[in-house]
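Trainee: Please give me a close account of one part, the surroundings of the ligand. I should like to know which residues form these surroundings and where the ligand lies relative to the domains.

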Amino acid sequence: MIIEGRNACLKGEIVVPGDKSISHRSIMIGSIAEGITEIDNFLFSEDTWATIDCFKNMGVNITSKNGMIEVKGVGLNGLKPSQKPLYCGNSGTTMRLISGILIGQDFSSTLLGDDSLNKRPMKRIIEPLRKMGGLIEGIKDEYPPLQIHPTQILSGIHYQMPISSAQVKSAILFASLYSKGETAIVEKAFSRDHTERMLEYFGANINKKDSIIFINDVQRLEGKRVFVPNDFSSAAYFIIAALTLKNSQIKLKDVGLNDGRIGLLKVLKKMGGYIEVENLKSFNNELVGDINVRYSKLKAVEVGGDIISSLIDEIPALAVAASLADGTTVIRNAEELKYKETNRLKAIRTELRKMGVGIDELDDGLIIEGRESLKPAILDSHMDHRIAMALSIAALNGKGKSQINNADCVNISFPGFYQTLYNSLIFS
Ligand code: S3P
């Protein structure tokens, strides 16, 4: 992909696609609910297709009509063994969340990933699922493929999370649907709570007291209509583009504003960014609103601690904003970025350096010296969708033509990213 930064700005209303996390969960929960689940504004992307394929292979009827998905739920115990291994592609969310459902089935399953997913850590789900009585194995107890076998009895657990992870929390919550007794989860830091919200919406007995999540014997879930909000993580690239490209002014419509996702807004406001949220409403237990953004002169910031889990996917985009801010930005407590689709700390450091940014990698974060503009360069996505999109915004801030190799990986979460970007660009 060639991107030329020639004094462009962003204008108008922008609609990004449906939320990836909520799309995955709507297929998973719809499949094990009773009756029909209708999903509006579902994200059709490579990651969510992987989830659909897994459940189709386990006998769930999932169809699409006029852009709307219909899932004929089979109930908690109605899944059938797949005739072939379940292929999760690049999607950590698919593999980690499905494991929590498969651990409660009376058949064995094998979960496979692509080259990137096969290098991602799974002990984080293996450990709690085993504590519940589950039979699950990976290579060296850590890497896919995962083998999951039926067990006589699963028991609820009281689990103190060693890391902040919505995927681990969700795997435990799904396993608890098949367990005897109460499960209580104590989070290290608050992470996106889409699973809790959707399970409650589908009828599960789930509560939160003093930041502990409790779930008790769930007999059945009931199919529902789900409206998937637009994806905040996809909106983030447009937010950063509008803040950094002079004269920009945009409105992002109907974006999901789950508290576990919007840490970036808080940080960007602290950096001096003009951001206003309006038109708030709620759909199936999720807050949704419009986000107005205007070009702003940004200043550096220090980011770390509990807020990190609510902006974990947005750090590559935040690094681009920091590259153009006044002063030195420090991002800490973000070691989880090393275990994403690629090592995102290393990838963003390597690529932004090519653009002339003074950026160093810490054990758990980044130090970034802001500059007036970025140098055009030949960049690489490291086959990671979020790196590709962040670098595209960096390239728009370059004085000349940049090339982004392996940019097709945007299809993992945002097919149509480049078209949406070009449609909202105005060249002067
Ligand atoms: C996700 C949770 C996050 C996030 C990922 C999607 C989810 O991962 O990075 O893109 O849908 O639950 P962790 O739970 O590993 O932090």
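Mentor: A polar contact is a pair of N or O atoms within 3.5 Å; within protein, one must be able to donate a hydrogen and the other to accept it, and residues adjacent in sequence count only if both atoms are side-chain atoms. The model is predicted, with local features requiring pLDDT of at least 70, side-chain atom pairs pLDDT 80 or more, and totals for chains, interfaces and linings using all residues. Residues are numbered from 1 along each chain as its sequence is written, and side-chain values rest on heavy atoms, without hydrogens or water.

The shell around the ligand (residues with a heavy atom within 4 Å of it) consists of Ser21, Arg25, Thr93, Ser165, Ala166, Gln167, Arg192, Ile312, Asp313 and Lys340. By class, this shell holds four charged, four polar and two nonpolar residues; Asp and Arg, for instance, count as charged, Ser and Gln as polar, Ala and Ile as nonpolar.

Three of these residues deserve a closer look. Asp313 places an N or O atom of its side chain 2.6 Å from an oxygen atom of the ligand. For Ser21, a polar side-chain atom is 2.7 Å from a ligand oxygen atom. Gln167, by contrast, approaches with its backbone: one of its backbone N or O atoms is 2.9 Å from an oxygen atom of the ligand. The ligand on its own would expose 380 Å² (Shrake-Rupley, 1.4 Å probe), and the protein buries 94% of this area.

Turning to the elements, helix H1 (20-32) and helix H5 (166-176) are those that give two or more residues to the shell; helices are DSSP runs (H or I) of at least four residues, numbered from the N terminus. As for the domains, the ligand lies between domain 1 (2-18 + 229-427) and domain 2 (20-227), because both give residues to the shell around it. The bounds of these domains come from an automatic or database assignment.
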